[in-house]
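Look through the sequence and the model below before reading on. The paragraphs that follow go from the core to the contacts between chains, and then to single strands, turns and helices.

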Amino acid sequence: MKKKLIPYSIIFIFLIIFVVFYESLKDTNIYTPEVKINNDIPIFSAELLLLNENSTSTEIFKSDQFYLLNIWASWCAPCRDEHPILMSLSKNNKLTIIGMNYKDNNKNAKSFLDELGNPYEKIIVDKNGTNSIEWGAFGVPETFIIYNNKIIKKYIGPLNQEFFLEIQNLIK
Amino acid sequence: MKKFKTFIIIFLLLFFNNLYANENNERNEITKNLRCLICQGQSVYDSDSDFANSMKILVDKKLNEGLSEKEIYIYFKEKYGDWILYDPGLNKNTYLLWLLPILIFLLGGAIIAKSFILKK
């Protein structure tokens with residue numbers, strides 16, 4: 001009995017290892033960020049693009065209203081792709097679109113908007129990228145939906161038609 | 001003159017050799033324990049990506065605001081979740097991670113004790 005126990009337990013251990021490794025093969029090894037929602041928006045004060053003035057989070061975000069914060073940069077190619085979607089979202093008067101210009105130079109940012117249109121009501125300048133970290137962002141482009149000073153939805157990467165419809169439904 | 005020059009050189013070498021960059025010690029300690037979320041297998045300290053560089057600036061800013069190391073970890077954990085820390089705390093998601101090594105150690109110890117000590 002004791003002699004049989006050892007080979008059986010070895011087989012059993014190998015089986016467990018096999019199952020664990022086989023299951024892990026299916027998992028992608030690229031980390032998909034945890035989307036933390038229902039967080040309060042950060043309190044900040046920042047320069048505004050095009051207006052040459054400073055503003056604070058309480059001045060920009062009012063409660064009882066839907067806001068979309070979009071982090072973008074003129075050097076970011078996916079931002080160019082999602083721009084038409086932001087333009088169509090800006091036609092919806094229930095939603096205010098705020099931009100955050102990430103590590104960009106003002107001249108390039110302005111010509112980007114001249115070329116593709118400006119969907120943003122206000123644009124926060126984030127020269128060193130710290131402001132976007134305070135929002136819990138990973139890079140550009142990234143989009144947050146804000147209601148009552150809380151982040152209710154977050155999209156990492158460019159917006160597409162599917163997200164467009166989702167946002168439209170969300171703010172109905 | 002030659003002696004004077006040598007003296008100056010030696011003096012300068014001795015004088016400046018205690019100038020080394022340790023001003024960012026605390027920041028380095030903290031950024032070593034923060035994971036660069038957009039890089040693979042690198043800490044914020046090791047990485048030179050846009051994300052990591054902004055994180056470094058923000059850690060400096062938080063230190064200047066007077067936050068302690070622990071408070072900075074809590075701050076980033078609230079924004080990005082446990083994954084950002086290399087040394088996650090004990091909670092319901094990580095208890096297996098913390099307890100498994102201890103369990104394996106105890107089990108191994110028990111097996112050794114059983115087969116060696118009890119046989120005697």
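**From the core outwards**

In this predicted model, the largest nonpolar core is made up of 43 residues, and A:Ile146 and B:Met55 have the most contacts inside it. On chain A, the elements that give two or more residues to this core are strand 3 (66-72), helix 3 (77-89), strand 4 (95-102), helix 4 (106-116), strand 5 (122-126) and strand 6 (142-147); on chain B they are helix 3 (50-64) and helix 4 (69-80). Strand 3 of chain A provides the largest share, five residues. As a general background, nonpolar side chains tend to be buried together in soluble globular proteins.

Take B:Met55 as a starting point. Leaving aside its neighbours within four places in sequence, B:Met55 is in contact with B:Thr31, B:Leu34 and B:Val44, and also with A:Ile133 on the other chain. A second residue to look at is B:Leu58, in helix 3 of chain B. Is B:Leu58 buried or exposed? B:Leu58 counts as buried because it has 21 C-beta neighbours inside 10 Å, and the cut-off for a buried residue is 20 or more. Not counting residues up to four places away in sequence, B:Leu58 touches A:Thr130 and A:Ile133. A:Ile133 is thus a contact of B:Met55 and of B:Leu58.

These contacts lead to the two chains as a pair. Twelve residues of chain A are in contact with 15 residues of chain B. On the side of chain A that touches chain B, three residues are nonpolar, six are polar and three are charged.

Chain B can next be followed along its length. It is divided into domain 1 (21-89) and domain 2 (90-120), and the C-alpha centres of these two domains lie 33 Å apart. Helix 5 of chain B covers residues 95-117. From its first C-alpha to its last, this helix of 23 residues reaches 32 Å, close to the 33 Å expected at 1.5 Å a residue. How many of the 23 residues of helix 5 of chain B are buried? The count is zero, and the helix is hardly covered. B:Leu107 lies in this helix. B:Leu107 counts as exposed because it has 10 C-beta neighbours inside 10 Å, where 12 or fewer is the cut-off for an exposed residue. Two distances help to place these parts of chain B. The C-alpha atoms of B:Leu107 and B:Phe15 are separated by 58 Å, with their positions 92 residues apart along the chain. B:Leu58 and B:Phe105 are 47 residues apart in sequence and 40 Å apart in space, C-alpha to C-alpha.

Chain A has two hairpins to trace. In one of them, strand 1 (residues 45-48) pairs with strand 2 (53-56) in the antiparallel sense over four bridges. A:Leu48 stands opposite A:Glu53 in strand 2 of chain A. Four residues lie between the two strands, and A:Leu50 in the turn has a positive phi of about 75°. A:Leu50 is partly exposed because 16 other C-beta atoms lie within 10 Å. A:Ser45, in strand 1 of chain A, counts as exposed because it has 12 C-beta neighbours inside 10 Å. Not counting residues up to four places away in sequence, A:Ser45 touches A:Asn54 and A:Thr56.

In the other hairpin, strand 6 of chain A and strand 7 (residues 150-156) of chain A pair in the antiparallel sense over six bridges. A:Tyr147 stands opposite A:Lys150 in strand 7 of chain A. Two residues lie between the strands, and A:Asn148 in the turn has a positive phi of about 55°.

Some backbone angles deserve a second look. Most residues other than glycine have a negative phi, and most peptide bonds are trans. A:Lys103, which is not glycine, has a positive phi near 40°. A:Lys103 lies in the loop between strand 4 and helix 4 of chain A, and A:Lys103 is partly exposed because 18 other C-beta atoms lie within 10 Å. The peptide bond from A:Val140 to A:Pro141 is cis, with omega near -15°. A:Pro141 sits in the loop between helix 5 (130-134) and strand 6 of chain A.

Conventions
Residues numbered from 1 in each chain as written. Chains lettered and ligands numbered in written order. Predicted model: local features only at pLDDT ≥ 70, side-chain atom pairs only at ≥ 80, totals over all residues. Contact = placed C-beta atoms within 7 Å. Nonpolar A, V, L, I, M, F, W, Y, C, P; charged D, E, K, R; others polar. Expected span 1.5 Å × (residues − 1). Core = buried A, V, L, I, M, F, W, Y, C linked by C-beta atoms within 7 Å. Domains from an automatic or database assignment. Pairing = 2+ DSSP bridges.
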